[in-house]
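Thanks for making time this morning. I would like to walk you through one structure, slowly, and I will ask a few questions along the way.

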Amino acid sequence: MTPSLAFAGLTSSLSPALSPAATAALAGKTDAAGSRAAKAKATGQDFEAMFLNSMFQQMFSGVGQGPFSGGHGATVWRSFLTDEYSKSFAKAGGIGIAAQVTSELLAHQEAR
C-alpha cells in the first residue's frame, strides 16, 4: 500500500478502520484533529527513518574495509550519510512503514 492511498482514506484489510474524525484529521479538515494527525504523521516518518537508518548501517557495514578504507573519518562520515539517506527516503514516501504507524497511532488515540 502506498502512503498516498493510506492518507486518502483507503486502508488495507490489515489496518484498523478509522472513524470519520480520524479520516478528516488525515485529510487535514479540522484544526485540533489536524494537528494531532500532523504529529502522528511526523512520528511515523521519524520511526520509518530510524528503521531505514538501521537498514542502511547494516548495508554499509562491509563497505570501505581494506587498505584504502579512509580511516576513522570515513566511518564517521558514513554514519552521517546513512542518517541523511534514511531521512530523505522517509520524507519521499519511504517503504510504507510511516503510513501504517500513523494509522495505528490515530486508531489508538481514538480507542482512548
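Let me begin with Glu84 and Lys87, which sit 3 residues apart in helix α4 and are therefore separated by about one helical turn. In this model, which is a predicted one, Glu84 forms a salt bridge with Lys87, and the closest N and O atoms are 4.0 Å apart. Lys87 also forms a salt bridge with Asp83, where the closest N and O atoms are 3.4 Å apart. Asp83 and Lys87 are 4 residues apart in α4, so here too the separation is about one helical turn. Taken together, Asp83, Glu84 and Lys87 are linked in a network of salt bridges, and a search of the whole structure finds 2 salt bridges.

Are these charged residues buried or exposed, or something in between? Lys87 has a relative accessibility of 44%, so it counts as partly exposed, because that class covers the range from 20% to 50%. Asp83, with a relative accessible area of 25%, is partly exposed, and Glu84, at 48%, is partly exposed as well.

Now let us look at the helix that carries this network. Helix α4 runs over residues 71-91, and its 21 residues should span 30 Å at 1.5 Å a residue; the end C-alpha atoms are 31 Å apart, which agrees. Which residues of α4 are buried? They are Arg78, Thr82, Ser86 and Ala90, and they cover an arc of only 90° around the axis, which puts them on the same side of α4. The face turned away from that buried side carries the exposed residues Trp77, Phe80 and Lys91.

What do the buried residues of α4 pack against? They pack against α3, and Ser86 lets us follow this at the level of a single residue. Ser86 is found in α4, and at 1% relative accessibility it counts as buried, since the cut-off for that word is under 20%. Leaving aside residues up to four places away in sequence, Ser86 touches Ala49, Leu52, Asn53 and Phe56. After α4 comes Gly93, whose phi is positive, near 125°.

Helix α3 itself covers residues 31-59 and includes Phe47, which counts as partly exposed because its relative accessibility is 40%. Phe47 also belongs to a nonpolar patch on the surface, formed with Met50, Phe51, Met55 and Ile95, and these residues have about 500 Å² of accessible area together.

Helix α5, residues 97-111, gives us another case to read in the way we read α4. Its 15 residues reach 21 Å from the first C-alpha to the last, close to the 21 Å expected at 1.5 Å a residue. The buried residues of α5 are Ala98, Ala99, Thr102, Ser103, Leu106 and Ala107. Seen down the axis of α5, these buried residues fall within an arc of 165°, so they line one face of the helix.

Finally, let us step back to the whole chain. The protein has 5 helices and 0 strands, and of its 112 residues 26% count as buried. Among contacts between residues at least 6 apart in sequence, 79% join residues at least 24 apart. The accessible surface comes to about 7,300 Å², and 62% of it belongs to carbon and sulfur atoms.

Technical notes
Residues numbered from 1 in each chain as written. Predicted model: local features only at pLDDT ≥ 70, side-chain atom pairs only at ≥ 80, totals over all residues. Heavy atoms only, no water. Patch = residues over 30% accessible without salt bridge, like charges linked within 9 Å, V, L, I, M, F, W, Y side chains within 5 Å. Areas by Shrake-Rupley, 256 points an atom, 1.4 Å probe, with all protein chains shown as cover. Salt bridge = Lys/Arg side-chain N within 4 Å of Asp/Glu carboxyl O. Helix = DSSP H or I, 4+ residues; strand = E, 2+ residues; numbered from the N terminus. Buried < 20%, exposed > 50% of the residue type's maximum accessible area, 1.4 Å probe, protein only. Expected span 1.5 Å × (residues − 1). Arc of directions from axis to C-beta. Contact = heavy atoms within 4.5 Å.
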